[in-house]
Amino acid sequence: NKIYQKNKNTAYQREMKREPAFQLPSGNNKKLGQLFDKSYADKEERDIMSEQGMLKFFKDVGVNPESHETLIVSYLLQCEEMGILSRDEFVNGFFKQGCNDKNDVKKCVQNKCRDVNGNTKQWKGFYKWIFKHVKEDEKKKTISTELAVQLWGILFQKDKGSMKLMDKWMTYCEKNKDKDMKVVSRDLWEQLYDFLKETSSIDDYDDAGGSWPVAIDEFVEYLQEQKK
């Protein structure tokens, strides 16, 4: 390959020859383990963060514990259980990101939050992951509407200004969570974000050739009935 040979000394080609290519600076899992043990570990169960430890951790990394950014941290570390941060997830996750100490960890979290918050593609990847993260087990295909409403309240806070139908959707879910809409499917979870971003009133509603989930069509019908 002549092009390759011609450019074999470019920085890019030199980088690709390294093993492995584009290596992150290597982290220090011993130091990360010590940081976890000293600052965040539960007194009884040393392999998970205590409630106080979690609050201290979020403060240390500059994340509001009431915000969706706590979930971005779970996404960054690929945590298995909602609301639980284990020692292994902390140490291995930040080690893979090349972190050595508290400052590195803070930078890493801040960068991830900025990337996810500022990039629609990254945000959607994060939002899709949340559904998988909160499911009770792998085989389940739905989550309860009650849990979905709690999560939407946190996740959509930053977009609330541009999601004109969000409050009406939440009210509709609250009304129907014990009746026709006890659970939320993955399809509804994933498509709702686009629906609320694209539809500022029911007059703008485009049924997209019937490709919206049924629950969204029923919500629009409910709003149309209310207008009469």
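Q: Which residue forms a salt bridge with Lys160?
A: This is a predicted model, in which local features require pLDDT of at least 70 and side-chain atom pairs count only at pLDDT 80 or more, whereas totals for chains, interfaces and linings use all residues. Numbering runs from 1 along each chain as its sequence is written, and side-chain values use heavy atoms, with hydrogens and water left out. In a salt bridge (a side-chain nitrogen of Lys or Arg within 4 Å of a carboxyl oxygen of Asp or Glu), with the closest N and O atoms 3.8 Å apart, the partner of Lys160 is Asp167.

Q: Which residues are joined into one network by salt bridges that share partners?
A: The structure holds 9 salt bridges. Those that share partners join into one network Lys56, Asp60 and Lys102.

Q: How many residues apart in sequence are the parts tied together by Arg87 and Asp37?
A: The closest N and O atoms of this salt bridge are 2.8 Å apart. Arg87 belongs to helix 6 (residues 87-96) and Asp37 to helix 3, helices being DSSP runs of H or I with at least four residues. The pair therefore ties together parts whose separation in sequence, in residues, is 50.

Q: What relative accessibility makes Asp194 count as partly exposed?
A: Asp194, in helix 11 (residues 186-198), meets Lys124, in helix 8 (residues 120-134), in a salt bridge of 2.8 Å, N to O. Lys124 counts as partly exposed (between under 20%, buried, and over 50%, exposed, with a 1.4 Å probe and protein chains only) because its relative accessibility is 30%. Asp194 counts as partly exposed because its relative accessibility is 23%.

Conventions:
Helices (H or I, at least four residues) and strands (E, at least two) are DSSP runs, numbered from the N terminus.
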